Amino acid sequence: MEFYTYIGRVKKTGVLRFLSNMEYMRSIERTLRRAKFPIWMTQGFHPRIKLSFPIALATGTVDLTGFFEFRMVEDIPKDRIKNLIKEFNLKAPKGLSMTNIWTVSYTHLRAHETPEHLVCRLLL
C-alpha cells in the first residue's frame, strides 16, 4: 500500500510536560486517531501507526517545537491540512497542540550529491 510521509510540529506544555517520552508518543498517536487522520498502518498481524521522533525528551521538559514523522494513505492538499490541524487541536489533551504539517520528499538531491547518489540512496 502506498503512503505519503509528513512531518508534524507540536507543542507540549502545561501538565503534559510531566509525561514520559513513551506516554507523550502514545498521546500523539491517540490524538491522530481521534482526529480521524488518514493514517497509514503497518501491514503486519497487529497493525500500528508508524511514528518517528528525532530525540527523546526528559520528563518535565516543555517542548515548544517538537517534530515527528508520520505516514498517511493519501496526499493531502494544503487547504485540508489546515482542517486536520484544527481537528487535532480540538481532540488533543490540554497542553498538546499541533502548529504545522509539511510534506516530505525523499527524491530531492542534497547539495553534494549527483543523480547517481540519489538512485543508490533510494535503493538502500
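## The nonpolar core

In this predicted model, the largest nonpolar core has 24 residues. Ile28, Phe37, Phe68, Phe70 and Phe88 touch the most other members. β1, α1, β3, α2 and β4 each supply at least two residues of this core. The largest share comes from α2, with 4 residues.

Phe68 shows how such a residue is packed. Setting aside residues up to four places away in sequence, Phe68 touches Tyr6, Ile7, Gly8 and Val10, among others. Its contacts also include Ile28, Leu32, Leu51, Ser52, Phe53 and Met98.

## Helix α1

How well does the length of α1 agree with its 14 residues? At 1.5 Å a residue, the helix should span 20 Å. The end C-alpha atoms are 20 Å apart, so expectation and model agree.

Several residues of α1 are buried: Asn21, Tyr24, Ser27, Ile28, Glu29, Thr31 and Leu32. What covers them includes the strands β1, β2, β3 (63–72) and β4 (96–103), along with helix α2 (78–91). In a helix, residues three or four places apart point the same way, because an α-helix has 3.6 residues a turn.

Lys36 follows α1. This residue sits in the loop between α1 and β2. Its phi is positive, about 60 degrees, although Lys36 is not a glycine. Lys36 is exposed, at 66% relative accessible area.

## Aromatic pairs and the cluster

The structure holds 8 aromatic pairs. One of them joins Phe3 and Trp40: the ring centres are 4.9 Å apart and the planes stand at 50 degrees, so the pair is tilted. Phe3 lies in the segment before β1 (4–12), and Trp40 in the loop between α1 (21–34) and β2 (51–52). The pair therefore ties together parts that are 37 residues apart in sequence. Is each partner buried or exposed? Phe3 is partly exposed, with 31% relative accessible area. Trp40 is buried, at 9%.

One aromatic cluster is formed by Tyr6, Tyr24, Phe37, Phe53, Phe68, Phe70 and Phe88. Of these, Phe37, Phe68, Phe70 and Phe88 were also named above among the core residues that touch the most other members.

## Charges over rings

Two basic side chains lie over aromatic rings. The charged end of Lys12 sits over the ring of Tyr24, 4.7 Å from its centre. Tyr24 is one of the buried residues of α1 and belongs to the aromatic cluster.

Arg71 lies over the face of Phe3, at 4.1 Å from the ring centre. Phe3 thus has Arg71 over its face and Trp40 as its aromatic partner.

## Salt bridges

How many salt bridges does the structure hold? The count comes to 3. In α1, Glu29 forms a salt bridge with Arg33, with the closest N and O atoms 3.1 Å apart. These two residues are 4 apart in the helix, so about one helical turn separates them. Glu29 counts as buried, at 12% relative accessibility. Arg33 is partly exposed, at 42%.

In α2, the side chains of Glu87 and Lys91 meet in a salt bridge, at 3.7 Å from N to O. They too are 4 residues apart, which means about one helical turn lies between them. Glu87 is partly exposed, at 27%, and Lys91 is partly exposed, at 38%. Arg80 and Glu74 form another salt bridge, with the closest N and O atoms 2.5 Å apart. Arg80 is partly exposed, with a relative accessibility of 31%. Glu74 is partly exposed, at 33%.

## Asn83 and Ala35

Asn83 lies in helix α2. This residue is partly exposed, with a relative accessible area of 49%. How far apart are Asn83 and Ala35 in sequence and in space? They are separated by 48 residues in sequence. In space, their C-alpha atoms are 10.0 Å apart.

Technical notes
Residues are numbered from 1 along each chain as its sequence is written. This is a predicted model: local features need pLDDT of at least 70, side-chain atom pairs count only at pLDDT 80 or more; totals for chains, interfaces and linings use all residues. Side-chain values use heavy atoms; hydrogens and water are left out. Rings of Phe, Tyr and Trp (its six-membered ring) pair if their centres lie within 6.5 Å; planes under 30 degrees apart count as stacked, over 60 as edge-to-face and the rest as tilted. Buried means under 20% relative accessible area, exposed over 50%, partly exposed in between (1.4 Å probe, protein chains only). A charge sits over a ring if NZ of Lys or CZ of Arg is within 6 Å of the ring centre and within 35 degrees of the ring normal. The expected span of a helix is 1.5 Å times one less than its number of residues. Contact means heavy atoms within 4.5 Å. A salt bridge is a side-chain nitrogen of Lys or Arg within 4 Å of a carboxyl oxygen of Asp or Glu. A nonpolar core is a set of buried Ala, Val, Leu, Ile, Met, Phe, Trp, Tyr and Cys residues joined through side-chain atoms within 4.5 Å.
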